[in-house]
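The following note is offered to a colleague who is meeting this structure for the first time. It treats the contact between the chains, and then the sheets.

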Number of protein chains: 2
Amino acid sequence: MSKVVLHVTMSLDGFMAGPDISVEHPMGRGGLRLHEWIFASDSDVDTVVSREVSASTGAVVLGRRTFDVGVEVWQDTPFPVPCFVLTHAPRSRLVMKSGSFTFLTGDVRGALRQAEAAAGGKDVTLMGADIAQQALRAELLDEINLQIAPVLMGEGRRLFDHLGTEHIELERTRVLTSPHVTHLRFRVRYARGTPSGETSLQGLGS
Amino acid sequence: MSKVVLHVTMSLDGFMAGPDISVEHPMGRGGLRLHEWIFASDSDVDTVVSREVSASTGAVVLGRRTFDVGVEVWQDTPFPVPCFVLTHAPRSRLVMKSGSFTFLTGDVRGALRQAEAAAGGKDVTLMGADIAQQALRAELLDEINLQIAPVLMGEGRRLFDHLGTEHIELERTRVLTSPHVTHLRFRVRYARGTPSGETSLQGLGS
């Protein structure tokens, strides 16, 4: 069965891009700092994690904004798989070199369903903070593969924002370190209606 | 020489306490979730880290708000050392069971200087997000001993906030894992005037 996975790098103060994201600066001003680990290429751990992401991705769901600022950089799909762009303004399918962009209206649930059908049993990878937040709120995100970059950026696009006020518990499933980042992998454990705070304290004491 | 160290637990989405911090809820609503690791007492790693904090602390600097909501809980000083409370409304020194609270007006630099003089060569420990942010902005925080709790809290008191727009680079000096949290320790590397983004990219390539 496909999992829905968010692969993302975050500064220690919670930003996944700098401010003023644009076609000129798809990672926002100063945001390329976050992706240094991908391009440094001197750490086996980083290389293995990067390859895992590519190998496990069967389809991608991204937001329209991520598409708009990203497509110029990629000059292709971000991964060589079917990609689904959630948008309010639909347009016709774009066939690129190694994959395609299909534009969908509606909610994240519908987009994930279509992506899963196209993923051939591999994972559905999410791209963009907005899509990640929508999937978390809809309790449809299964795993978070997070790189923590050792920097305080001070401003930018927050990764975990607008999540509501219920605690969402995570189970850490992996910790890997490289000279550039700390790789943390989590499984998301939705409370499914239990009140925040109290239950987790009880669970821990038993 | 004393180091200035922040020991703090943060949710993965960046909160060091829940919302509505008060005497009744010193960690904010739901914020006790963050300190479960301290009270679980079933992890040697957690125990070692907790003891290190106590053993290395020679003095404490805290904000008035942290004092106001904390003193009822502690019924003493938070550590058995001289504690310095930065406040706009000075009051006379309070001698507690195992230490004392001295109330200081002025800026964080002056408070840290007094704390360092009283720390007997041990570290100065900071308590509270506001004091931590002031020390970071003044480039006076040397190390961050961070516990990342595997939870998205959604709301509360942000740890790293109001830091300005310059990147502050960190050097990760330790990673320890327990079943409850991920312990990350960082040394702060202030740029001292270099522009954000560009320099770090160059440094990495060289």
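1. Buried area is the accessible area, taken with a 1.4 Å probe, that two parts lose on being put together, summed over both. In this predicted model, chain A and chain B bury about 3,500 Å² between them. Carbon and sulfur atoms account for 63% of that area. The contact involves 40 residues of chain A and 39 residues of chain B.

2. The polar side of the contact should be read next. Between chain A and chain B there are 4 salt bridges. A salt bridge is found between the side chains of A:Arg158 and B:Asp161, with 3.8 Å from N to O. In addition, 12 residue pairs, both members at pLDDT 80 or more, are in polar contact between chain A and chain B.

3. Which elements of chain A give two or more residues to the side that touches chain B? They are α1 (36-40), β8 (143-149), β9 (151-152), β11 (168-177), β12 (182-189) and α6 (198-205). The most comes from β11(A), which gives 6 residues. By residue class, this side of chain A consists of 21 nonpolar, 10 polar and 9 charged residues.

4. Strand pairing also crosses from one chain to the other. β9(A) is joined by 2 bridges to β11 of chain B (residues 168-177), and the two strands run antiparallel. Here A:Val151 has B:Glu169 of β11(B) opposite to it. β11(A) and β9(B) are likewise antiparallel, with 2 bridges, and A:Ile168 faces B:Leu152 of β9(B) as its opposite residue.

5. One open sheet has 10 strands with mixed pairing, in the order β5(A)-β6(A)-β4(A)-β3(A)-β7(A)-β1(A)-β8(A)-β12(A)-β11(A)-β9(B). Its edge strands, each paired on one side only, are β5 (94-95) of chain A and β9 (151-152) of chain B. Helix α3 of chain A (residues 64-74) packs on this sheet, where it touches β3 (57-63), β4 (82-86), β5, β6 (100-104) and β7 (123-127) of chain A. The direction of this helix makes about 120° with that of β3(A).

6. Another open sheet of 10 strands, again with mixed pairing, follows the order β9(A)-β11(B)-β12(B)-β8(B)-β1(B)-β7(B)-β3(B)-β4(B)-β6(B)-β5(B). β9 of chain A and β5 (94-95) of chain B are at the edges with a single partner strand each, so one side of each has no neighbour in the sheet.

7. Within chain B, two strand pairs deserve mention. β11(B) pairs with β12 (residues 182-189) over 8 bridges in the antiparallel sense. These two strands form a hairpin with 4 residues between them, and B:Thr177 has B:Thr182 in β12(B) as its bridge partner. By contrast, β3 (residues 57-63) and β7 (residues 123-127) of chain B run parallel and are joined by 5 bridges. In that pair, B:Thr57 is matched with B:Asp123 of β7(B).

8. How do the helices of chain B lie on the strands? Helix α3 (residues 64-74) of chain B lies across β3, β4 (82-86), β5, β6 (100-104) and β7 of that chain, at about 120° to β3(B). Helix α4 (residues 108-118) of chain B lies across β1 (4-11), β3, β4, β6 and β7 of chain B, and runs at about 175° to β4(B).

Technical notes. Residues are numbered from 1 along each chain as its sequence is written. Chains are lettered from A and ligands numbered from 1 in the order in which they are written. This is a predicted model: local features need pLDDT of at least 70, side-chain atom pairs count only at pLDDT 80 or more; totals for chains, interfaces and linings use all residues. Side-chain values use heavy atoms; hydrogens and water are left out. Contact means heavy atoms within 4.5 Å. A polar contact is a pair of N or O atoms within 3.5 Å; within protein, one must be able to donate a hydrogen and the other to accept it, and residues adjacent in sequence count only if both atoms are side-chain atoms. Ala, Val, Leu, Ile, Met, Phe, Trp, Tyr, Cys and Pro count as nonpolar, Asp, Glu, Lys and Arg as charged, and the others, Gly among them, as polar. Two strands pair if DSSP finds at least two bridges between them. Axes are lines fitted to C-alpha atoms, for helices over the stretch in contact, and angles run from 0 to 180 degrees between N-to-C directions.
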